[in-house]
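Colleague: Thanks for sitting down with me over this one. Could you take me through the reasoning behind some of the labels?
Modeller: Gladly, let's put it on the screen.

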Amino acid sequence: MAGRLDGKVALITGGARGMGAEEVRLFASEGAGVLATDVLDQEGEALAAELGDAVRYLHADVTSEDDWSKAVAAAVEEFGHLDVLINNAGIVKLSPIATCSLDDYMSVINVNQVGVFLGIKSVIPAMASKRSGSIVNISSVEGLAASPWVVSYVASKFAVRGMTKCAALELGGLGIRVNSIHPGGIRTDMIKPGGIDVTGVFEKVPLGRVGEPGEVAGLALWLASDESAYCTGSEFVIDGGLMAGISVSTDDLSP
Ligand SMILES: NC(=O)c1ccc[n+]([C@@H]2O[C@H](COP(=O)([O-])OP(=O)(O)OC[C@H]3O[C@@H](n4cnc5c(N)ncnc54)[C@H](O)[C@@H]3O)[C@@H](O)[C@H]2O)c1
């Protein structure tokens, strides 16, 4: 049976675990060659070994321009070309603004925001040479609305949303599409920032549960594939209804 990504090559950052690892699995199962990058080498190598020839793992820190050059070169050398970039790597740190150190603030901005900027910039030549490509930036519902104690995360995810639109304007003429995904609470290690499990907060959404990493991977697959050929510069929310409105129980409305 034909795969939805047959003949395509994808680079997925933060591909060693969580949503990134689910995207690596799903994209490979749909026919793509996948270069997974991360800083968690043991997990990344194990995933690549499990999935066989369609998947390679490379250590690459998204904050390093040099690592980005190596990653793009490795994808092209291993699989012949590059069609898809999933800018998925991310971190979160909890702190009130009043006590957030500049170092902590910048560490989140560097991974979540600078990493995405470097990723978009680095893949342009390879994608432009084919006059085709899809870049998917993983933002968050916190790129659409704020939460307390995550100022650096919120700032970085709003920036990713803005960068996505800027890149879509600049790269559309080269045949490169750029979209952002905005997940709500998804069951990965990130749902326990600083050891505090916030699963319960996200279970209060209209659908009454957190999302699974495979559900976000399914949306990323659609945006990576030609099925979304007319979409660029857009925001795709996957949040169980979190952003649909103010969370008021009908019990509170009883006369
Ligand atoms: N889990 C959620 O509830 C949620 C919600 C909205 C958005 N997101 C976003 O989804 C993306 C994936 O997160 P996740 O939930 O799978 O969490 P995760 O912590 O399981 O995965 C993040 C991955 O990024 C990697 N990474 C961190 N710093 C890196 C760096 N400098 N270079 C390369 N890789 C690096 C980590 O090693 C890890 O493998 C992130 O961008 C996150 O902000 C997550």
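Modeller: Let me begin with the core. The largest nonpolar core has 66 residues, and those with the most contacts inside it include Ala10, Val24, Phe27 and Val34. Helix H4 gives the most to this core, with seven residues. Please keep in mind that the model is predicted.

Colleague: What makes Ala10 a well-connected residue, once its neighbours within four places in sequence are left aside?
Modeller: A contact requires C-beta atoms within 7 Å. Ala10 is in contact with Phe27, Ala32, Val34, Asp83, Val84, Ile86 and Ala224, leaving aside neighbours within four places in sequence.

Colleague: How do you know how the span of H4 compares with the expected one?
Modeller: H4 has 27 residues and reaches 37 Å from its first C-alpha to its last, which is close to the 39 Å expected at 1.5 Å a residue. There is also a kink of about 40 degrees in H4, centred on Asn110.

Colleague: And what do the buried residues of H4 pack against?
Modeller: Their partners are strand E1, helix H3, strand E4, E5, H5 and E6. Among the buried residues of H4 are Val108, Val111, Leu118, Ile120 and Met127.

Colleague: Why is Ala128 called partly exposed?
Modeller: Buried needs 20 or more other C-beta atoms within 10 Å, and exposed means 12 or fewer. Ala128, with 15 such neighbours, falls in between, so it counts as partly exposed. Ala128 is found in helix H4 and is in contact with Leu174 and Ile176, leaving aside neighbours within four places in sequence. Ala128 and Gly173 are 45 residues apart in sequence and 9.3 Å apart in space, C-alpha to C-alpha.

Colleague: Why does Arg131 count as exposed?
Modeller: Arg131 has 10 C-beta neighbours inside 10 Å, and the cut-off for exposed is 12 or fewer, so Arg131 is exposed. Arg131 is found in the loop between H4 and E5. Its phi is near 50 degrees, a positive value in a residue other than glycine.

Colleague: What about Trp149: why is it partly exposed?
Modeller: Trp149 has 17 C-beta neighbours inside 10 Å, which lies between the two cut-offs, so partly exposed is the right label. The place of Trp149 is in the loop between E5 and H5, and its phi is near 75 degrees, a positive value in a residue other than glycine.

Colleague: How do you know how H5 compares with its expected span?
Modeller: Helix H5 has 21 residues and reaches 30 Å from its first C-alpha to its last, close to the 30 Å expected. Its buried residues, including Tyr153, Val160, Met163 and Leu171, pack against helix H4, strand E5 and strand E6.

Colleague: Why is His81 partly exposed?
Modeller: His81 has 16 other C-beta atoms within 10 Å, so it also falls between the cut-offs for buried and exposed. His81 is found in the loop between H3 and E4. Leaving aside neighbours within four places in sequence, His81 is in contact with Val9, Val76, Ala126 and Lys130.

Colleague: Last one: what makes up the shell around the ligand, by class?
Modeller: The shell has 13 nonpolar, ten polar and four charged residues. In total, 27 residues surround the ligand, and among the closest are Gly14, Gly18 and Thr188. The largest share of the shell, three residues, comes from helix H1.

Key: Residues numbered from 1 in each chain as written. Predicted model: local features only at pLDDT ≥ 70, side-chain atom pairs only at ≥ 80, totals over all residues. Near = placed C-beta within 6 Å. Helix = DSSP H or I, 4+ residues; strand = E, 2+ residues; numbered from the N terminus. Nonpolar A, V, L, I, M, F, W, Y, C, P; charged D, E, K, R; others polar. Expected span 1.5 Å × (residues − 1). Contact = placed C-beta atoms within 7 Å. Core = buried A, V, L, I, M, F, W, Y, C linked by C-beta atoms within 7 Å. Bend = angle between axes of the 7 residues up to and from the residue.
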